[in-house]
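Please take a moment with the sequence and the model shown here before reading on. The paragraphs below are meant to be read with both in view.

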Amino acid sequence: MATILELYRVDYWKYRAEGNANIVLQYIGPHSRFRNTVLRLRKADRLNDSGTGWEGTNSGDDTITMKNLTKESYFATEVIGLLLGQDFVEQLIAVALPPGFLSSLALAMEPSRPESRRQKGIDLAQSVGFLALDHTRFIKPSPGQSDIAVEIKPKWGFLTKSAFLRKDQDIKRRKCRFCMYQHQKIKTGQEGTLSKYCPIDLFSGTELLVQDALDSLVDTPQNNLRLFVNGIQQPVSRESMAQCLSESSTSTSTQPDEQQQRRKSQWIESDNPLDHEKDASGPVRLTEVLTQILVESPLLRRLGRLQQALDSLDVETVHRLYTYLLEHDSAHLPEPTVEEFLETAQAFMDRTDMNAMMTEDQETFETHNAAGLGFEPEDDLEELPESLQLHFIREFLLSATLKDCSILVTIRRDTSSAAVATTASIISSRLEVDEGSPEFHEACHQIKVKEEMFVYKITCIDLDPKKMTSVPMYLKKDRTIVDHYLATVGDREATCGAN
Ligand SMILES: [Zn+2]
């Protein structure tokens, strides 16, 4: 683990964003080698309402906890990297957090944090944080060009076809989890309006449906879409999505080329940026570039199929296995170590033909997947060896990680001399933050959209291991969502993805 003295100043860090589990800070200090890095810190529940402290998750042996935390970085790179492919997974470098630094940092960031996220704070008990590459930008800046990044939280990309599904939950075969969950979110006040987005369309691989899903995300982004320009988060709207690409090459460019001039004049001709959407020959829209990237890249297909294959038993059966194991050993079920997760992923890969998984049509994939399990719903699952019961709970937890991750697509206009290349090429950049530490690297691809060349990279982030003890919570949540959906909407809407 690295101790990097240049990092430990509060004024070198700026609030970037946060989810439920982690908070991300952006480096703004003077040392150029950190300029493209962010610091990821774990969050914890606050101890009490008076705001005097936080309840850390670190209550046991410090050495063990630190060892586990450092290993967390291997979970993303090794375990998820094995499943998704190393190039798609963000690298994390564990850095020590000296006493005092974290509490000062927490205090300094508090005013920048959104009210809705403040029920949790930075976990003051953590002694290790993670340095990651700031994937909202490219390692090497390009003069006159903006780096545009879109972060998508795609959620569950499949309709379950599990033979293990309970009869009264048949609706899960037709309505996706995200669409059903929307109704529950309205009920609890978590959201004010239903999202128009359906993940089944985004994961479809069909250009028109992907484009439609992206447009829906732009209209109702909730927490599923974020936009960054040069590392700074921007509000999401049709206007902002249209403008950032249109303006990306005109702001600071010293020698605007002919193409840029032409683009600019096209832009000025209309007062309303939405007019351009109807004009097929108009400037390239950001969502058009995104659509082509998402259709071309294997990431979404791989993610969706892995989510489904690793959730073959459905939460109901996984919870049954969990209960059997608890009954045999009433004490507790130990949380999987990174090594055990790695074994689980390896065993899954051994029984799965990944090439076939990527190319098979949906029905063949589902048939192969079910056959690969080696047992059926009619079998007495309690008779399965305990090691196998454990294995399938862990597979489910891996699926849970993949259902909760985000995808960051970073785009820039390609004005380099290589921009004329018509074949896809990969340009790699590296960044060394500390002597002896692993290097950060990024793999960039070229793509041509409407006669214009772009460079992009696509990265999967927020890949945290999920906990065994969460299985009862997953079951409860699943039932609540399904019950509420059936009670309020019923089984009358069109099947997700059937449009
Ligand atoms: Zn849906």
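What follows goes from the chain as a whole to single residues, then to charged pairs and the surface.

The model is a predicted one, and the protein chain in it has 499 residues, of which 54% count as buried. Its secondary structure comprises 16 helices and 13 strands. Among the contacts with a separation of 6 or more, 75% are between residues 24 or more positions apart, and the area that the protein chain exposes is about 22,900 Å², with carbon and sulfur atoms supplying 51% of it.

A good place to enter the interior is strand β3, where Arg-40 is found. Is this arginine buried or exposed? Arg-40 counts as buried because its relative accessible area is 5%, under the 20% that sets the limit for that class. Leaving out residues up to four places away in sequence, Arg-40 touches Asn-22, Ile-23, Val-24, Glu-90, Leu-92, Gly-129, Phe-130, Asp-462 and Asp-464. One of these partners, Asp-462, lies 422 residues from Arg-40 along the chain, yet the C-alpha atoms of the two are separated by 9.7 Å.

Strand β3, which spans residues 37–45, also carries Arg-42, and this residue forms a salt bridge with Asp-123 in which the closest N and O atoms are 2.5 Å apart. The pair links distant parts of the chain, since Asp-123 belongs to the loop between β5 (120–122) and β6 (128–133) and is 81 residues away from Arg-42. Both members of this pair, Asp-123 and Arg-42, are buried.

Two further buried residues can be followed around helix α3. Gln-182 has its place in that helix and counts as buried because its relative accessibility is 3%. Apart from neighbours within four places in sequence, Gln-182 is in contact with Thr-193, Leu-194, Ser-195 and Gln-222. Tyr-197 lies in the loop between α3 (177–187) and α4 (199–202), and with a relative accessibility of 1% it is likewise classed as buried. The residues that Tyr-197 touches, again not counting those up to four places away in sequence, are Pro-154, Phe-178, Cys-179, Leu-202, Ala-213, Ser-216, Leu-217 and Thr-220. Between Tyr-197 and Asp-215, which are 18 residues apart along the chain, the C-alpha separation is 8.2 Å.

How many salt bridges does the structure hold? There are 36 of them, and the bridge between Asp-123 and Arg-42 described above can be set beside two others. Asp-11 pairs with Arg-9, with 2.8 Å between the closest N and O atoms; Asp-11 counts as partly exposed because its relative accessibility is 45%, and Arg-9 is also partly exposed, at 42%. The side chains of Arg-166 and Asp-168 meet in a salt bridge with an N to O distance of 2.9 Å, and here too the partners are partly exposed, Arg-166 having a relative accessible area of 32% and Asp-168 a relative accessibility of 47%. Elsewhere, salt bridges that share partners join Glu-18, Lys-43, Glu-110 and Arg-113 into one network.

Two residues in loops between strands deserve a look for their backbone angles. Asn-230, in the loop between β8 (225–229) and β9 (232–234), has a positive phi of about 50° although it is not a glycine, and it is partly exposed, with a relative accessible area of 37%. Glu-451 is placed in the loop between β12 (440–449) and β13 (452–461), and its phi, near 70°, is again a positive value in a residue other than glycine. Why does Glu-451 count as exposed? The reason is its relative accessibility of 62%, which is over the 50% required for that class.

At the surface, finally, a negative patch is formed by Glu-327, Glu-376, Glu-378, Asp-379, Asp-380, Glu-382 and Glu-383. One of its members, Glu-378, is found in the loop between α14 (362–372) and α15 (386–403), and Glu-378 counts as exposed because its relative accessibility is 64%.

How values were computed: Residues are numbered from 1 along each chain as its sequence is written. This is a predicted model: local features need pLDDT of at least 70, side-chain atom pairs count only at pLDDT 80 or more; totals for chains, interfaces and linings use all residues. Side-chain values use heavy atoms; hydrogens and water are left out. Patches are made of residues with over 30% relative accessible area and no salt bridge: like charges are joined within 9 Å, nonpolar side chains (Val, Leu, Ile, Met, Phe, Trp, Tyr) within 5 Å. Accessible areas come from the Shrake-Rupley method with a 1.4 Å probe; for residues, only the protein chains shown count as cover. A salt bridge is a side-chain nitrogen of Lys or Arg within 4 Å of a carboxyl oxygen of Asp or Glu. Lys and Arg count as positive and Asp and Glu as negative; His and the chain ends are not counted. The place of a charge is taken as NZ of Lys, CZ of Arg, CG of Asp or CD of Glu. Helices (H or I, at least four residues) and strands (E, at least two) are DSSP runs, numbered from the N terminus. Buried means under 20% relative accessible area, exposed over 50%, partly exposed in between (1.4 Å probe, protein chains only). Contact means heavy atoms within 4.5 Å.
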